[in-house]
Amino acid sequence: MASSGDFAASVKQQADIVRIVGDYVKLRKSGAQNYQGLCPFHQEKTPSFSVHAGNQFFHCFGCNAGGDVFTFIQKIENITFPEAVRMVAEKLGVPMPKVNYSSPEEARRAKQRGSLLDIQERACAFFQEQLKRPEAAHAREYLHSRGLNAETITEFRIGFAPESGFLLRDALRGQFDEEVMRESGLFSWKDKDQLPITSNQSPDVQQRSALYSKFRNRVMFPITTEQGKVIAFTGRTLATDDKSGPKYLNSPETPIYSKSRVLFNLDKAKEAIRKLDYVILVEGQMDCITVYAAGLRNVIASSGTAFTDLQARLLGRFSKKIVVNFDPDTAGAAAAERSLALLVSGDFEIKVLTLEAGFDPDLYIRKRGANAYIDALTHSQKYFDYLIDRARGMYPSRTPESKQKALNYLLPHIQRVPSRIVRDELAIEVSHRLGIESSVLRQELRHAATSRSAGRITAPVSTQLTDAERVLIRALASRDLAHSPTTAREGQDLDFDPARQAHYFLTQERLHEGFGAHALLDALITAHEQSLDPMSLPLDDNDRHLVASVLMEDHEELTPELVENAVRSLRKSAILRQLDNLQQQLKDAERRNDAALSARLLQERMRLRRSIGSAVEGPRN
Ligand SMILES: [Zn+2]
């Protein structure tokens, strides 16, 4: 039974990263094993995005994005690791392994998920049926008063939960067992000891009778997955008293429903979002349905809570352009603010549609019509223009202090933008729009805006390395190259394993100690010993940059001589460094007139100087 990890490894082995990245990025061959192109993860005009065919990784020297074929697919498609494995497998035509449950518990859970999906579907059909009954006249009345016609009601599968707490239970009983009913989130129950015991019922019936509908006298809006499967409900109360619970009641989280992963209406909107390449985000489900019914099919709702990272990633698969139509100044201000912050960090291009005070999209469309809404939509404002207006509203005075306050209000927003170039542009624009004349202040803003990631974006670092260190890094990372057909040229020494040789010298003599790449070489030594992919090491950004840049360089083929020369060179450098040290100590000794020490150091210096010649031969056994 193959584990999913084995499957991923086998897919990775069969995948050619150059071909797969090539589906997304125009690549140009730039060396024996390297390809270059414009980075899809940041804006650039000259290519700093490289793909290495031998080691099967990509690395961007501009934005530091990097990893293997799965990382690339995850990042560009905005999907999870298992989804990326599946996608690459599909591209290669590799069939997915049959699902094997690793334990009876796992099999039980899979069965439970299936039953939970079934029961939601059955409940949805039940609510739809109920809406047609005479007892639901007030529910239909409510929906018509909100401007929904029969077609929209059917399309959204809107239903009615009757006042009775038992109709749904009785309709589902017999098809689903007690546990599924309880886990469905559709029912509440009282503890057994709170119920009167009736002697003529079996204990089983007594227990079942304890279940009653959570949703009563409510208009029911199904919540679905991206594929349109019903997983939960929102019920809007039709009662006018306060005793019937909240105005909107949502299903609790269940094994199939997690609020933070779902976007209302994504199933119906996704094609339009892709095609139009933007999405309209509204707050409530009713807003969403009205906007959709008005002909704007690319609309989804966040359901009143702050957007989560998962939701942003889910949405990002369809479009990165978003028009946000909720008022960040009203009751949900904190949630709206958090949502927007998340979308900015997620590199979404955001516009804000602000309707006249007192209007939500639903009311606006009903009062002004769909065309007025479409018109308002085309006049939506870029998020940063909106923020600048807001800052000017908060600090209207033209004094330098006031302007500085406005800047400080805007700065954290700017700093959330992932692209440094865009941050810099924003800083310039903000200075301009706020009328900041002080060049010092302007510089300060630009610096603060761009330096947010100063620690992350670094200049090419490989220049800090000696040639010898570079050869040894390449040798140690060459594990996979030995088996790659592109390197198995004719006449090549087949017994020569550069990684093994480099590993031998470095571990025997610890020659790299004290060198710039010391920690990195140690990590590569460990990777070699444990047969790990060097690019999968948990390196810090700087070291990952180093390995990537060394491997991406166009270089001569690794030969035994090249590796030996590198080792000799390290030996020599080590001795020269010792000599430097010695020189320092000698100076100190002479200054202190310590003749004995000076003599000893001079002798040592002579020995070291002589050893430089023999260093190239290696240690004597
Ligand atoms: Zn990049």
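This passage describes the overall make-up of a predicted model, its zinc site, the surroundings of Ser48 and one helix pair.

The chain has 621 residues, of which 45% are buried. Its secondary structure consists of 26 helices and 16 strands. Among contacts with a separation of 6 or more, 66% join residues 24 or more positions apart.

Confidence varies along the chain. The average pLDDT is 82, and 87% of the residues score at least 70. Of the elements, strand S6 (residues 159-161) has the highest mean pLDDT, at 98, and helix H10 (residues 203-209) the lowest, at 51. Two stretches fall below 50. Over residues 453-463 the pLDDT stays under 50, and the model has 15 contacts beyond four places in sequence for this stretch. Residues 481-493 also have a pLDDT below 50, with 11 contacts beyond near neighbours in sequence.

The zinc ion is bound by four protein donors: the SG atoms of Cys39, Cys60 and Cys63, and ND1 of His42. These donor atoms lie 2.1 to 2.3 Å from the ion. The angles among the 4 donor atoms run from 104 to 118°, and the site is tetrahedral. Along the chain the donors follow the spacing C-x2-H-x17-C-x2-C. Two of the cysteine donors can be set side by side in terms of accessibility. Cys60 is classed as buried because its relative accessible area is 0%, under the 20% cut-off. Cys63 has a relative accessible area of 23% and is therefore partly exposed.

Ser48 lies in the loop between strand S2 (34-37) and strand S3 (49-52). With a relative accessible area of 16%, Ser48 falls under the 20% cut-off and so counts as buried. Apart from neighbours within four places in sequence, Ser48 is in contact with Gly37, His42, His59, Cys60, Phe61 and Gly62. Among these contacts are His42 and Cys60, which are also donors of the zinc ion.

A helix pair was examined elsewhere in the chain. Packed helices are described by the angle and the distance between their axes. The axes of helix H12 (residues 285-293) and helix H15 (residues 361-368) come within 7 Å and cross at roughly 40°. On the H12 side the contact involves Met286, Asp287, Thr290 and Val291, and on the H15 side Pro361, Asp362 and Ile365. By residue class, the contact of H12 with H15 comprises 4 nonpolar, 1 polar and 2 charged residues.

Conventions: Residues numbered from 1 in each chain as written. Predicted model: local features only at pLDDT ≥ 70, side-chain atom pairs only at ≥ 80, totals over all residues. Heavy atoms only, no water. Axes fitted to C-alpha atoms, helices over the stretch in contact; angles between N-to-C directions. Helix = DSSP H or I, 4+ residues; strand = E, 2+ residues; numbered from the N terminus. Contact = heavy atoms within 4.5 Å. Nonpolar A, V, L, I, M, F, W, Y, C, P; charged D, E, K, R; others polar. pLDDT = per-residue confidence, 0-100. Donors = N, O, S within 2.8 Å, 3.2 Å for Na, K, Ca; no water. Tetrahedral: all angles 85-135°; square planar, octahedral: opposite > 155°, others 65-115°. Buried < 20%, exposed > 50% of the residue type's maximum accessible area, 1.4 Å probe, protein only.
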